[in-house]
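This report is written for a reader who is meeting the structure below for the first time. It moves from model confidence to overall form, and then to individual residues and their partners.

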Amino acid sequence: MDYLYQLLFAPFVEFGFMRRALIGCVALAISATPVGVFLMLRRMSLTGDAIAHAILPGAALGYMVAGLSLGAMTLGGLIAGWIVALLAGGLARITVLKEDANLAVFYLMSLAIGVLLVSTQSRNIDLLHLLFGSVLALNNEALVLLASIATLTLLLLALILRPLVLECIDPGFLKRHSRLGTPVHLIFLALVVLNLVAGFQALGTLMAVGIMILPATAARFWSRQLDSLLLVAVLIALFGCWAGLLMSWHLDWPTGPAIILMLGLLHLFSLFFGVEGLVWRWIRPAKHYKA
Amino acid sequence: MTRSLIQFDNLTLGYDRHPAVHHLNGEIQPGSLWALVGPNGAGKSTLLKGLMGELRPLSGRIVWPQGRSRVAYLPQRSGLNLDFPLRVTDFISFGLWSSTGAFRHLSAECKARIGDALVQVGMQGFEQRPLDSLSGGQLQRVLFARLLVEKADLLLLDEPFAAVDEATTQDLLALIHQWQAQGKTLLVVLHDLYQVRNHFPQALLLARDKVAMGATSEVLTPDNLMKARRMQAPFDPLAPLCEADGSAHVHREAR
């Protein structure tokens, strides 16, 4: 028993920074993961990745202005991410280029500016910190930010749920009945940016996408209904964060990659053993139904 | 005499100044049941888009003497993203958009309307089924159920029976007659002339230009059908400007 306690719970009971890391991850899991489910269902899984890259120059600019300040880097990241998301999402609806192409253009420009800022700076920005985050160094300020973003995200998602779902499944119908299509899409993109910025406090700009997309893709192997899909995805995210933190603690690995790797393993497990997974395709039952 | 619901006033609709519907005149009476017939590329879908307000006329206009009606539209290609995991009832509930809007909850009355619509299209028992598990014919029935809950006055159906089997077609045709009996106006794009003759009292035969419009038996004559078949379908990029009846429009003539 004691061994199990030491293995699974002791780090969180005994160390405050592990508790903070866990709380931060819980906030991310219930906020970023539902957003990720919609990203996946709208075939925009890679959009999160592109926007995550676009955040970099904003965060770097924030750092140059105010040093390692949570507020400045968050604001910078939000502004850079929102500009790219708005340009990509807005231009796709009024020009010939589709959203993925527009996004590629503007995230690359943004990334170039970011790398330029980081490399021409005489002060040595800890690029690794920006790219890979520091979930073990979350202070109270950061936790409040994560919790606020989670609250805002869930409220906004609940508000725009119906038009968002309709835009996913039958955009033509939404267009005929309402002008909400474009605003709802832009609000959704804003939520993606917001959650990526939240994620990069803990996991870094590049790893933040992981907690959005991986639980969503894993959950797809367990459910065919939107509501249960959202629930399963959040549960997978919660479990992955907890297990990832433990893995990082016991093996002395960096935390961000450990969490994302754990989520990846959960995806692989679901891929094989989920209700819609590969194994059930291979083992075909000998008898089939009459109708 | 009743006032007409829609008047086509020298209406020309098209793309890039090339007409797809050319100088159409005519009127649609409220409560009438129309078949829209003609070869591919004759402008049938374009006319429906014009009625939906999705396409601005190149010249002429569509007049709504009684004010614009509430229109429900079934497109030729549904454009549904069936990967999205949604139940049949949730999908049909979007038909209630005009009463629930984006944010209001579904009242008990709304849910009853959805259940009722499923019964009417013969899909009771499918409420909780995911959309992607339906066959083509079942999906078409579900789309009709969504039209049912929309409670529109004018229904525009674009080839509703393409790739649908005989039994489903009969069921859906019965719904169309029921809608007409309720006083709704219907414009239905069709290719099966036997169906048109048997079920649709009025027909508009289009081949970019109007070939004939009126009682079905007078419209679908061998003569008229031959005329429609002779239409040159693809746009001619070198077509001269159309100066028909001295109007000032600048679209290109197709021939």
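## Confidence and conventions

Chain B has an average pLDDT of 88 (the predictor's confidence in each residue, from 0 to 100), and 93% of its residues score at least 70. For the complex, the predictor reports an ipTM of 0.84 together with a pTM of 0.87. Where pLDDT is low, the predicted coordinates should not be read in detail.

This is a predicted model, in which local features need pLDDT of at least 70 and side-chain atom pairs count only at pLDDT 80 or more, whereas totals for chains, interfaces and linings use all residues. Residues are numbered from 1 along each chain as its sequence is written, chains are lettered from A and ligands numbered from 1 in the order in which they are written, and side-chain values use heavy atoms, with hydrogens and water left out.

## Overall form of chain A

Chain A contains 14 helices and zero strands; helices (H or I, at least four residues) and strands (E, at least two) are DSSP runs, numbered from the N terminus. The C-alpha trace of chain A spans about 75 × 60 × 30 Å along its principal axes. The radius of gyration of chain A is 20 Å, which agrees with the value near 19 Å for a compact globule of 291 residues. That radius is taken over C-alpha atoms, and the globule rule is 2.2 Å times the number of residues to the power 0.38.

Of the 291 residues in chain A, 52% are buried. Buried means under 20% relative accessible area, exposed means over 50%, and partly exposed lies in between (1.4 Å probe, protein chains only). Among the contacts in chain A with a separation of 6 or more, 74% are between residues 24 or more positions apart; contact means heavy atoms within 4.5 Å.

## Helix α3 of chain A

The helix α3(A) has 26 residues, and the distance from its first C-alpha to its last is 37 Å, close to the expected 38 Å at 1.5 Å a residue. The expected span is 1.5 Å times one less than the number of residues.

A kink of about 30 degrees in α3(A) is centred on Ala29(A), the bend at a residue being the angle between axes fitted to the seven residues ending there and the seven starting there. Just after α3(A), Arg43(A) adopts a positive phi of about 55 degrees.

## Salt bridges between the chains

How many salt bridges does a search of the whole structure find? The search finds eleven over all chains, a salt bridge being a side-chain nitrogen of Lys or Arg within 4 Å of a carboxyl oxygen of Asp or Glu. One of them joins the side chains of Arg43(A) and Asp83(B), at 2.6 Å from N to O. This pair crosses between chains: Arg43(A) is in the loop between α3 (16-41) and α4 (45-66) of chain A, and Asp83(B) is in the loop between β5 (71-74) and α2 (88-93) of chain B. Arg43(A) is exposed, at 59% relative accessibility, while Asp83(B) is partly exposed, at 44%.

Another salt bridge links Asp170(A) with Arg146(B), whose closest N and O atoms are 2.9 Å apart. Asp170(A) lies in the loop between α8 (140-169) and α9 (171-177) of chain A and Arg146(B) in helix α5 (residues 136-150) of chain B, so this pair also joins two chains. Asp170(A) is buried, with 3% relative accessibility, and Arg146(B) is buried as well, with 4%.

## Salt bridges within a chain

In chain B, Arg113(B) and Glu109(B) form a salt bridge with their closest N and O atoms 3.9 Å apart. Both lie in helix α4 (residues 108-120) of chain B, four residues apart, about one turn of the helix. Arg113(B) is buried at 19% relative accessibility, whereas Glu109(B) is partly exposed at 49%. In chain A, a network of salt bridges links Arg42(A), Arg93(A) and Glu167(A).

## Two buried residues of chain B

Ser69(B) is found in the loop between β4 (59-63) and β5 of chain B, and it is buried, with a relative accessible area of 11%. Apart from neighbours within four places in sequence, Ser69(B) is in contact with Leu5(B), Trp64(B), Asp153(B) and Leu154(B).

Arg141(B) belongs to helix α5 of chain B and is buried, with a relative accessible area of 11%. Leaving aside neighbours within four places in sequence, the contacts of Arg141(B) include Val121(B), Gly122(B), Ala167(B) and Asp171(B). The C-alpha atoms of Arg141(B) and His199(B) are separated by 19 Å, the two residues being 58 apart along the chain.
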